[in-house]
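Biologist: I would like a close look at one part of this model and at how that part sits among its surroundings. Please explain each term as you go.

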Amino acid sequence: MNTKGILQRYFEFKEQSLSRLRQQGYFDRCKIQVGSATCENASGAEAVYREFDKMIKASGRTDILLHKTGCTGHCSSEPIVGVFKPGEIPVKYGEVTAQKAFEIFTSHVQGHSGPVVDMILDKKTDRLYRNEFIFCGRGSQCEGANDKLAAVFQEKLNQRGLGDQVKIGSGVCLGLCAEQGTPVSPACFVFPERIFYGNIQESDLDEIIDSHIEKRQLVSRLEVSFDKIHNHFFDHYGDVEYFNHQLRLTLKNCGVIDPESIDEYIYYRGFEAAAKVFENDTAETIIDKILKSGLRGRGGGGYPTGFKWRNTYLAKGDEKFIVCNADEGDPGAFMDRSMLEGDPFSIIEGMLIGGFTINAKKGYIYIRAEYPLAIKRLENAITLAREFGFLGDNILGSGYSFDIELRLGAGAFVCGEETALIHSIEGLRGMPRPRPPYPSVSGLWGCPTMINNVETLANVPVIMLDGPQWFASIGTQNSKGTKVFALAGKINQTGLVEVPMGTTLRDIIFKNGGGIKNNKKFKAVQTGGPSGGCLPEQFLDTIVDYDSLTQAGSIMGSGGMIVLDEDDCMVDIAKFFLDFTQNESCGKCTPCREGTMRMLEILQRITEGKGTMDDLTKLERLGNLIKRASLCGLGQTAPNPVLSTLRHFRDEYVEHITNKRCPAHRCQNLLRYNINPDKCVGCTACARVCPVRCISGSPKKVHEIDQQKCIKCGMCYETCKFDAIDKL
Amino acid sequence: MDVSNKEKFTLSSELIEYIDSCKQQAHFKSFLINVLQRIQDIHGYLPQCLMEETALRLGVPTAKVYGVATFYHMFRLEPQGKHTINICLGTACYVKGAQRVLDAFKSHLNIDIDETTEDLMFTLKAARCVGTCGLAPVVMIDNDVYAKVTPEDVLTIITKYRQS
């Protein structure tokens, strides 16, 4: 195989892409960027897009580019609109409506009175700062030093009366030190100049203020260069607090590129990793790099990706396959959807490199049919990649041929398990089978098959471009790189956060997620979806990596993170998950099919107030048995939500059983509504809404609820304007 | 419902063409799920006679076709309403009150989960996480996602579809 000239051909391609982008005015027009993804559209992004389109046409201006991107994962503030004027600080607006779009357009884009400050994303600021300094922070070894310096800096700025013009923030470890070879801490990133300062001493701060802030002259002796593939995300969004606490390696293009434009992907070094690998690497060197990077499967299992690649490479067989597992079934996890909708080309490139390594001619993406937009974008990306010669015969003249086919799931959670997934692609019932043989030896149609998760594959181009050593410098001893978490539930900022492994749960929930909604009390965090567990407050300082979470009694899983507050009943949550797994159990093996059903029945009893203390022992025994005896991962992990809540919230189970009370007032059968005679004014509102007419009392007299007839629907409780009904 | 299920359909020429094109490819039996998905896209469910015809054309035993059709949640064996209402009961939606939204749909439409209204307008379904947890609770009607739905919104949503 003649591998010379592949990179050169790639750069020729890239030049063509750039010239097309230049023609569109991609680099010098004012860009209005509107998010476009399932979640963005659901919150009204399409209407906002149309509104901008209308206004641009009406204004007759040709120097404005209306740009569509995927979602940034900042769900609670969607739709998000960015205004990127050449040479100015990028401004992002949150929760934009068609009405607000008009204001943004006239005031900011047309320039009548500058940015609309009170609509800026996160509303953490009432002004646009002159400069922003984001110091390296969490996840780095130098955290303390940076924080201390930042504090001194803030003090000095305040003294000089610049405190309200310059913003000091703290970010995550960007991996700057590992890149430079020597520590450059303390270091910071500066907006709007978008440069890095490193090795900053306290004595340098005055110079930064005098020169950089006052005179707008860079302090060049402190400048450090840092060229990493994910930089552009920080460039676009690093000034927003939600994003500067994140390190975006796999989500680097989400919210930056138009997911339907291969030119934009190429502009941000898309397919460069593949071209480099084709020119310089062999299967052995690629596997070596993946092993060195320490990358582990992001789908839940955490199996070292390098081992998987090596096993498939070494397996005997004329035909081999690579499969991307995009059957994101965990309720509460949506990082794969966001990646596929916002940056589908990265997954294709990851598969291309993987396919090249094991010499597969064909790859499959197995995706849930519940994600119609992701499917559409993937189909488009595959078509474009074929047109541009990144898929098909003799890719970039390397002699290597590879193509990708989409296969849609049909709504079966168990198909996320690899052997079940194989059966589903083969057109059969998606049932798992015992392993070994592992798919790497005998998978699709008996051929060696390498199955990787979406997020795992998205890491591959990053490792190839930025180097395995650099990648391995991020994270903890046994868990390298970053992990995307889907924050949801009772949290202020729901959405996707990508943080270095080793970040604490507390940081993710309170710094990234902005804490608990409505100032309620944190109760537990559920990680790992239906296979994971609930961790209470005393575990908040647990760091997230594969091993620590397992030790604490939960799992990393695919990265779903549901935050629960004092109003959530842990027995009810355990029942919810078990109901899910019981429903999704494929029925092949008895422990999972029958066992989960029996456990669910016991939980049902407890939530109805019919449980006995003996039931708790039964739950534990049965749970451990199901874990040991089930055929596949679904059954082996199904009891986890119950076992972990039993371990950490046993009191609550006991309360349900002995006192027939649900402390969180969630379990309907255990509720009791009482009318407080001191507060009731006899307005009759409750009696009128009661569907079973069990409230008696005449006007202006205290009412009473007949507990025998009450169905505990809660209508009276919600209707009462005088707060006179107590929920017990 | 049983009566309409005995209605006679035949595979459209488009579907026959698709099945034939699948047969040209390696491992063509693996396209069974794709074929069934296309049938459902057209008819809204999988009529028995079409499953039998598919079995014949694709060379897969009828028992296997039934096996697949009954295994996956997405396949429906009975006629469905014009619009499918999917109430997300994923974790995030659940903790944010999806159950109450579901109850509101049930009482307004007077049907239970997996049932269809008599006028064949709506089929009510409970979905497993549609992946927009940030906007919980979420309801998906056909391919449109409704965010942060409250029980009070339900009637407005239903009316919108009834009138269109």
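Which are the buried residues of helix 17 of chain A?

Modeller: They are A:E418, A:T419, A:A420, A:L421, A:I422, A:H423, A:S424 and A:I425. A note on conventions comes before the rest. This is a predicted model, in which local features need pLDDT of at least 70 and side-chain atom pairs count only at pLDDT 80 or more, while totals for chains, interfaces and linings use all residues. Residues are numbered from 1 along each chain as its sequence is written, chains are lettered from A and ligands numbered from 1 in the order in which they are written, and side-chain values use heavy atoms, with hydrogens and water left out.

Helix 17 covers residues 418-425 of chain A and is mostly covered, with eight of its eight residues buried. Buried means under 20% relative accessible area, exposed means over 50%, and partly exposed lies in between (1.4 Å probe, protein chains only). Helices (H or I, at least four residues) and strands (E, at least two) are DSSP runs, numbered from the N terminus.

What covers the helix comes from both chains. From chain A, its buried residues pack against helix 13 (305-314), strand 10 (321-326), strand 11 (362-367), strand 12 (403-408) and strand 13 (449-453). From chain B, helix 3 (32-43) packs against them too. Contact here means heavy atoms within 4.5 Å.

At one residue of the helix, A:E418, a charged pair can be followed. The side chains of A:E418 and A:R435 meet in a salt bridge, at 2.6 Å from N to O. A salt bridge is a side-chain nitrogen of Lys or Arg within 4 Å of a carboxyl oxygen of Asp or Glu. This pair links distant parts of the chain: A:E418 is in helix 17 of chain A, whereas A:R435 is in the loop between helix 17 and strand 13 of chain A, 17 residues apart. A:E418 is buried, with a relative accessible area of 13%, and A:R435 is partly exposed at 38%. Just after the helix, A:G427 takes a positive phi of about 85 degrees.

A pair inside another helix gives a contrast. A:K57 and A:D53 both lie in helix 3 (residues 45-59) of chain A, four residues apart, about one turn of the helix. An α-helix has 3.6 residues a turn, so residues three or four places apart point the same way. The closest N and O atoms of A:K57 and A:D53 are 3.0 Å apart, in a salt bridge. A:K57 is exposed, with a relative accessible area of 62%, and A:D53 is partly exposed, with 28%. Over all chains, the count comes to 45 salt bridges.

Helix 17 also belongs to the wider contact with chain B. That contact takes 52 residues from chain A and 37 residues from chain B. The two chains bury about 3700 Å² between them, 60% of it on carbon and sulfur atoms. Buried area is the accessible area (1.4 Å probe) that two parts lose on being put together, summed over both. In chain A, A:A410, A:R429 and A:F576 lose the most area to chain B, together 16% of what that side buries.

Between chain A and chain B the count is one salt bridge. It joins the side chains of A:E718 and B:R100, at 3.5 Å from N to O. Across the same interface there are 15 residue pairs in polar contact, both residues at pLDDT 80 or more. Helix 17 is among the elements of chain A that each supply at least two residues of the side that touches chain B, and strand 12 is another. Helix 22 of chain A gives the most to that side, with eight residues. The residues of that side divide into 25 nonpolar, 11 polar and 16 charged. Ala, Val, Leu, Ile, Met, Phe, Trp, Tyr, Cys and Pro count as nonpolar, Asp, Glu, Lys and Arg as charged, and the others, Gly among them, as polar. A polar contact is a pair of N or O atoms within 3.5 Å; within protein, one must be able to donate a hydrogen and the other to accept it, and residues adjacent in sequence count only if both atoms are side-chain atoms.

In short, helix 17 has eight of its eight residues buried, and its buried residues pack against elements of chain A and helix 3 of chain B.
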